[in-house]
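Let's take a walk through this chain together. Have the sequence handy and the viewer open.

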Amino acid sequence: MAEDMRYASEHNFLGVRVDGYEEGVCLLTREAARALARAQRALLARGFGLKVYDCYRPRRAVAHFVRWARDPADQRTKAEFYPRVEKGRLFELGYIAERSSHSRGSTVDVTLVRLPGLGAGGAAGGGGRGGHEVDMGGSFDLFDTLSHTGDRRVTAEQRAGRMRLKGALEAVGFVNLPEEWWHFTLRPEPFPETSFDVPVTLSAGRSTVGSWQQSALSSRTRNSGPTTSPCTPAPPPAGCT
């Protein structure tokens, strides 16, 4: 699986590394990671793979998004990420929110890549990490109605790409957010009412259950009962490490 962990870099709508992204790794709950791996295996047989942009997102990162959206002077990324929307309307239009499903650990932002050189049995060289992104008719994190999964302005080929991605993820239990073709949340979620705030690092993914329980106690948004499992890096077959 290919990776382009945008918020651990400066190539994102803030134009800076986002708070809480100390390493460019994909952390997910075990259930979400295993489902993503199943989708990847099914796609490999058809000559496609997955590329992840974002997985678990700490609450401090969401707070960084909110601070950025409330700063009208910072317009450095407008041309790429919100060319047709005034920054002052990002909250009103729902592009920025004070809470995110990503903080619960079972949401992933993802696209398709077309893989070259498939071998016997659909095995791709490099485990599906190479290839070129499929044209989806709009880029990741484009704040525009063109990002709506079912938007009719995209070409037939671009729509087919969106539907292929949606179908592959839905087949393993993910549900698409209609406003963002790249955004999928596993159902049912293991932690539907708990928002975590552990920084994104590989060591956090390997941390003990106890450390994540402590984080849940300090950062849960509503009483959701005891937390019983940590987020983990997606397993080796999914390639999110």
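What follows is a tour of a few covalent, backbone and charged features. Keep in mind that this is a predicted model.

Let's start with the cysteines. Searching the whole structure turns up 1 disulfide. The partners are Cys26 and Cys55, with their sulfur atoms 2.0 Å apart. That fits the cut-off, because a pair counts as a disulfide when the sulfur atoms are within 2.5 Å. As a reminder, a disulfide is a covalent bond between the sulfur atoms of two cysteines. The link of Cys26 and Cys55 is left-handed, with -95° about the S-S bond. It joins distant parts of the chain, 29 residues apart: Cys26 sits in the loop between β1 (2–3) and β2 (27–29), while Cys55 sits in the loop between β3 (48–54) and α2 (59–69). Are these two cysteines buried or exposed? Cys26 has a relative accessible area of 0%, so it is buried, and Cys55 is buried as well, at 1%.

Now move on to helix α1, residues 30–44. Its 15 residues should span 21 Å at 1.5 Å a residue, and the end C-alpha atoms are indeed 21 Å apart, so the expected and computed spans agree. Plenty of α1 side chains are worth clicking on: among the buried residues are Ala32, Ala35, Leu36, Gln40, Leu43 and Leu44.

Next, the backbone. Most residues other than glycine have a negative phi, and most peptide bonds are trans. Which peptide bond is cis? Look at the one from Arg187 to Pro188, where omega is near -5°. Pro188 belongs to the loop between β7 (183–186) and α5 (202–205). Asp141 is the other residue to look at here: it is not a glycine, yet it has a positive phi of about 65°. You'll find Asp141 in the loop between β5 (132–133) and α4 (156–170). With 5% relative accessibility, Asp141 falls under the 20% cut-off and so counts as buried.

Finally, the charged pairs. The structure holds 15 salt bridges. Take Glu133 and Lys51, whose side chains meet at 3.0 Å, N to O. This pair links distant parts of the chain, with Glu133 in strand β5 and Lys51 in strand β3, 82 residues apart. The two ends differ in how they are covered: Glu133 is partly exposed at 38% relative accessibility, whereas Lys51 is buried at 15%.

Glu92 and Arg89 also form a salt bridge, again at 3.0 Å, N to O. Here Glu92 is exposed, with 58% relative accessibility, and Arg89 is partly exposed, with 38%.

Then there is Arg104, which forms a salt bridge with Glu189; their closest N and O atoms are 2.9 Å apart. Arg104 lies in the loop between α3 (78–81) and β4 (107–114), and Glu189 in the loop between β7 and α5, so the pair ties together parts that are 85 residues apart in sequence. Both ends come in under the 20% cut-off, so they count as buried: Arg104 has 15% relative accessibility and Glu189 has 12%. One last stop: Arg84, Asp144, Asp151 and Arg153 are joined into one network by salt bridges that share partners.

Terms used: Residues numbered from 1 in each chain as written. Predicted model: local features only at pLDDT ≥ 70, side-chain atom pairs only at ≥ 80, totals over all residues. Heavy atoms only, no water. Helix = DSSP H or I, 4+ residues; strand = E, 2+ residues; numbered from the N terminus. Buried < 20%, exposed > 50% of the residue type's maximum accessible area, 1.4 Å probe, protein only. Expected span 1.5 Å × (residues − 1). Salt bridge = Lys/Arg side-chain N within 4 Å of Asp/Glu carboxyl O.
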